[in-house]
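Thanks for asking me to look this one over. Here are my notes, set out point by point so you can follow them with the structure open.

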Amino acid sequence: MRYSYVAHPDSVLNVLVGQRGTLYKKWAQDQQERNAFFGGQSKKDLRNIIETLENILAKDNEILAELNRMKQGEVAELRRRNSDVAQKANSYLGESGALMEENKLLRRDLENYRKRVKELDEQHNLPLQITIALLVLSWILFFFLRKKRTSSELR
């Protein structure tokens, strides 16, 4: 994103910098001019130098204005991207909250299912326990009745 004008050789900034370079070359040539009577610089030479320097300053101002425009565009783009990232982050946070809530529900359901399985296991064992208890009672009753019979026969 930074210095994006470098990637575009035909950008406004590159054109302005090229124009400034041309003006700078003209200024360097104007510095070499010696049209005065005694071989020095004449008023016209000095006016040309001043005019060229004024043009260079004006071009520098255009370059600065273009740099500011580009900077503002990049800042606006960064703000837009930042806004997009913030929206995505908020969306992800919302989804994360929903997933956490769903996770809590699933954990609660899992715990309820575990309790039911435990209850069913206990209920499954209940008939076996009743059967064993009846067998034990029937053996006790059988031996008690047998003992009672044998004791009544002996008398």
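**Notes on the model**

1. Let me start with W139, which counts as partly exposed at 49% relative accessibility. Please keep in mind throughout that this is a predicted model. Its neighbour in the discussion, F142, also counts as partly exposed, at 45% relative accessibility. W139 and F142 are three residues apart in helix α2, so about one helical turn separates them. Together with F143, W139 and F142 make up one aromatic cluster.

2. How many aromatic pairs does a search of the whole structure find? The search gives four. One of them joins Y24 and W27, a tilted pair with 5.3 Å from centre to centre and 40° between the planes. For W139 and F142, the ring centres are 6.1 Å apart and the planes stand at 85°, which is over 60 degrees and therefore makes the pair edge-to-face.

3. A little more on Y24 and W27: both residues belong to helix α1, where a spacing of three residues puts them about one turn of the helix apart. Y24 is partly exposed, because its relative accessibility of 43% falls between the 20% and 50% limits.

4. Next, the salt bridges, of which the count comes to seven. The one I would show you first links D60 and R20, with the closest N and O atoms 2.3 Å apart. D60 sits in helix α2 and R20 in helix α1, so this pair ties together parts that are 40 residues apart in sequence. Both partners are partly exposed: D60 has a relative accessibility of 22%, and R20 has a relative accessible area of 28%.

5. Is D30 buried or exposed? D30 is buried, because its relative accessible area of 9% is under the 20% limit. This residue is found in helix α1, which covers residues 12–32. Its side chain meets that of K26 in a salt bridge, at 3.4 Å from N to O. D30 and K26 are four residues apart in helix α1, about one turn of the helix, and K26 is partly exposed with a relative accessible area of 39%. Setting aside neighbours within four places in sequence, D30 is in contact with Q41, N48, I49 and T52.

6. K59 and E62 provide a salt bridge within helix α2, where the two residues are three apart, about one turn of the helix. Their side chains meet at 3.6 Å, N to O. K59 counts as buried at 12% relative accessibility, whereas E62 counts as partly exposed at 37%. There is also a network: salt bridges that share partners join E77, R80, R81 and D84.

7. Which residues make the nonpolar surface patch of about 760 Å²? They are L126, L128, I130, I132, L134, V136, L137 and I140. L126 is found in helix α2, which covers residues 43–154, and is partly exposed with a relative accessible area of 42%.

8. Finally, a quick look at K104, another residue that lies in helix α2. K104 is exposed, because its relative accessible area of 54% is over the 50% limit. If you want a distance to check in your viewer, the C-alpha atoms of K104 and R114 are separated by 15 Å, with the two residues ten apart along the chain.

Note on methods: Residues are numbered from 1 along each chain as its sequence is written. This is a predicted model: local features need pLDDT of at least 70, side-chain atom pairs count only at pLDDT 80 or more; totals for chains, interfaces and linings use all residues. Side-chain values use heavy atoms; hydrogens and water are left out. Buried means under 20% relative accessible area, exposed over 50%, partly exposed in between (1.4 Å probe, protein chains only). Contact means heavy atoms within 4.5 Å. Patches are made of residues with over 30% relative accessible area and no salt bridge: like charges are joined within 9 Å, nonpolar side chains (Val, Leu, Ile, Met, Phe, Trp, Tyr) within 5 Å. Accessible areas come from the Shrake-Rupley method with a 1.4 Å probe; for residues, only the protein chains shown count as cover. A salt bridge is a side-chain nitrogen of Lys or Arg within 4 Å of a carboxyl oxygen of Asp or Glu. Rings of Phe, Tyr and Trp (its six-membered ring) pair if their centres lie within 6.5 Å; planes under 30 degrees apart count as stacked, over 60 as edge-to-face and the rest as tilted.
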